[in-house]
Structure formats: structure tokens, C-alpha cells
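Here are a few friendly notes to read alongside the structure. Keep it open and look up each residue as you go.

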Amino acid sequence: MWVDTHCHLDAGEFGGHSASVADGAAQAGVRAIVIPAIARVNFGTVAQLAREVGNGVYALGIHPLYVPTAKESDLDALCSAIEAALHDPLFVGIGEIGLDFFVPALKEPPLREKQEFFFAEQLKLARDFELPVLLHVRRSQDIILKHLRRIRVPGGIAHAFNGSFQQAQTFIELGLHLGFGGAMTFPRSLQIRRLAAELPLSSLVLETDAPDISPAWRHPDANTPDQIPRIGEVLAELRNMPVDEIAAATTANALAALPRLASSGLTL
């Protein structure tokens, strides 16, 4: 049994075939797919999609790439959406939230300040509602960690982790798990592969970020959540472990990172 802890199943690249994509993942052994929101406009979309497919759960948040067009009223809408979702067993956390300093315009004022404001406010929601977070940490690990030290949240996942061992250890010490996916499958991704091989297995979860970050055998085509078992095989090879042990461990880690996932019934 596998869990895809980060998949944009509602993305346009799936051409309206999200249900069949999710079904293909289920047939491959992926029992749960976490679908994060990216903006106010798709809060309802991800919730409805999670209900329609047989293996979906969802998170609510405002992605840093969508912060430039976001309004402060969107944070109020997010708070209301979270309150309404608390009784939904398919709702698992706050995300996708974070910081992106890879895009040049986003790391310069005033967008940098706006990103940090929206991130901090969403961390406060996660803290106040006692919910884990799905973090976008592109070229922003140290600033993310600064905010996490100031606003403590009850765990979550640093998705598509690509930092240093020291940064990884700090995330772990703060109660976060680290997401690994398609980037780990490229032989030239030496740092990511070392991290995957040497960090504590108890801190690792698997993800696709589909339709993005395709594994080596799919690149440059779109990624899909049915690739999780094969991505897990790569992790098993890197750690010299049986694949079934990797499946069991990463599923247990996903449940630890997103405790509400257990209430969904998908991972029984």
C-alpha cells in the first residue's frame, strides 16, 4: 500500500480525466492521494474531487505562486473554508503554502514581503486549528525555517525537499516530514539521492507533485500518481531495503505527518 502525499489531481493537464487517473493509481496500489489547493478559486474544487474519486483527500491553502494576485480577504475565505471542512474526514491539512524565491520577481520587494505575510498568516491558521501543513520550499528553506521556529505548527511535510542535510535535520526537529518524488529518480540528482538514502527513514514520505516533477522514465511527459510504487522502488534501491518495507514505512510516515488521513478510512 502506498500514499501519494502531494498531487495536483485537479490540474488542467489531466484534461478532465482526474477520476480515471486516480483509479489507475488505486489499481497500482496507491490507496490515498493528497490533493492540495493552490488558491481560493479551487478550495471547493479539490474538496469535491476528493469526494468523487475513491482514494482522494485534500488540503486547503494559498500557494506562493498565487500570492501575487491574492487578496487579504482570501485569508478570511480560507479560514471559513477550514472551519467548514473540519468535520470532513477527507480534509487533512493546510496547503499548499510556503515561499518561492526561485522565480526572480517573487524574491524582490514587494512580492517577497507579500509572500512572507501570506505564509505567516497561514501558519497561524495551522497553529490555531491544530492542523499540519504542506510546505512549498523552493529556494527558501532557511526563511521557511525562520517562520516555523516563530509560529509552531503540529507537523506536516516539506514537499519536494531539496535542501542540505543541516536544513533537513532542522525540519525534522521541528516535527516536519520530508517529501521525495520524481527528482530522486534522476542519477545526476546526487544531493537529493544522498538525502533519500541517508536521512532517517521515519522522516520520509513519497509524492509525485503530479502533473509536475516527472520521474526519469516519464520526463518530460506529465507525471501521474500511479508512478508512486516505482518511485518507491528507487527509494528501496537507494536504501538497500525491500520494497514492501519502504511501502509500509512511508505509509506509516504519511499517517504520522497527516494524522487526519487515518480518519479518512483510505489507508485501512
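The points below go from the core, through one helix, to a pocket.

1. Please keep in mind that this is a predicted model. The features described here come from that prediction.

2. Start with the largest nonpolar core, which has 89 residues. Leu60, Leu135, Leu148, Phe171 and Phe180 are the members that touch the most others. Helix H4, residues 111–129, gives this core its largest share, six residues. As background, nonpolar side chains tend to be buried together in soluble globular proteins.

3. Now zoom in on Phe171, one of those well-connected core members. Which residues does phenylalanine 171 touch, leaving aside those up to four places away in sequence? The list is Leu135, Val137, Gln141, Ile144, Leu145, Leu148, Ala158, Phe161, Leu176 and Leu178.

4. Phe171 is also one of the buried residues of helix H6 (residues 165–173), along with Gln167, Ala168, Thr170 and Ile172. Among the elements that cover the buried residues of H6 are strands S5 (133–138), S6 (156–159) and S7 (176–180), plus helices H5 (141–150) and H7 (190–198). Just after H6, look for glycine 175, where phi is positive, at about 90°.

5. Finally, turn to the largest pocket, with a volume of about 720 Å³. Its lining has 34 residues, and those nearest the centre are His136, Arg138, His159, Asp209 and Ile213. S5 and S7 are the elements that each give two or more residues to this lining, and S5 provides the largest share, three residues. By type, the lining holds 14 nonpolar, 12 polar and eight charged residues.

Notes
Residues numbered from 1 in each chain as written. Predicted model: local features only at pLDDT ≥ 70, side-chain atom pairs only at ≥ 80, totals over all residues. Heavy atoms only, no water. Core = buried A, V, L, I, M, F, W, Y, C linked by side-chain atoms within 4.5 Å. Buried < 20%, exposed > 50% of the residue type's maximum accessible area, 1.4 Å probe, protein only. Helix = DSSP H or I, 4+ residues; strand = E, 2+ residues; numbered from the N terminus. Contact = heavy atoms within 4.5 Å. 1 Å grid on protein atoms, 1.4 Å probe; cavity = no way out; pocket = protein on both sides within 12 Å on 5 of 7 lines; lining within 4 Å. Points joined across faces, edges and corners; volume = space filled by probe spheres on them. Nonpolar A, V, L, I, M, F, W, Y, C, P; charged D, E, K, R; others polar.
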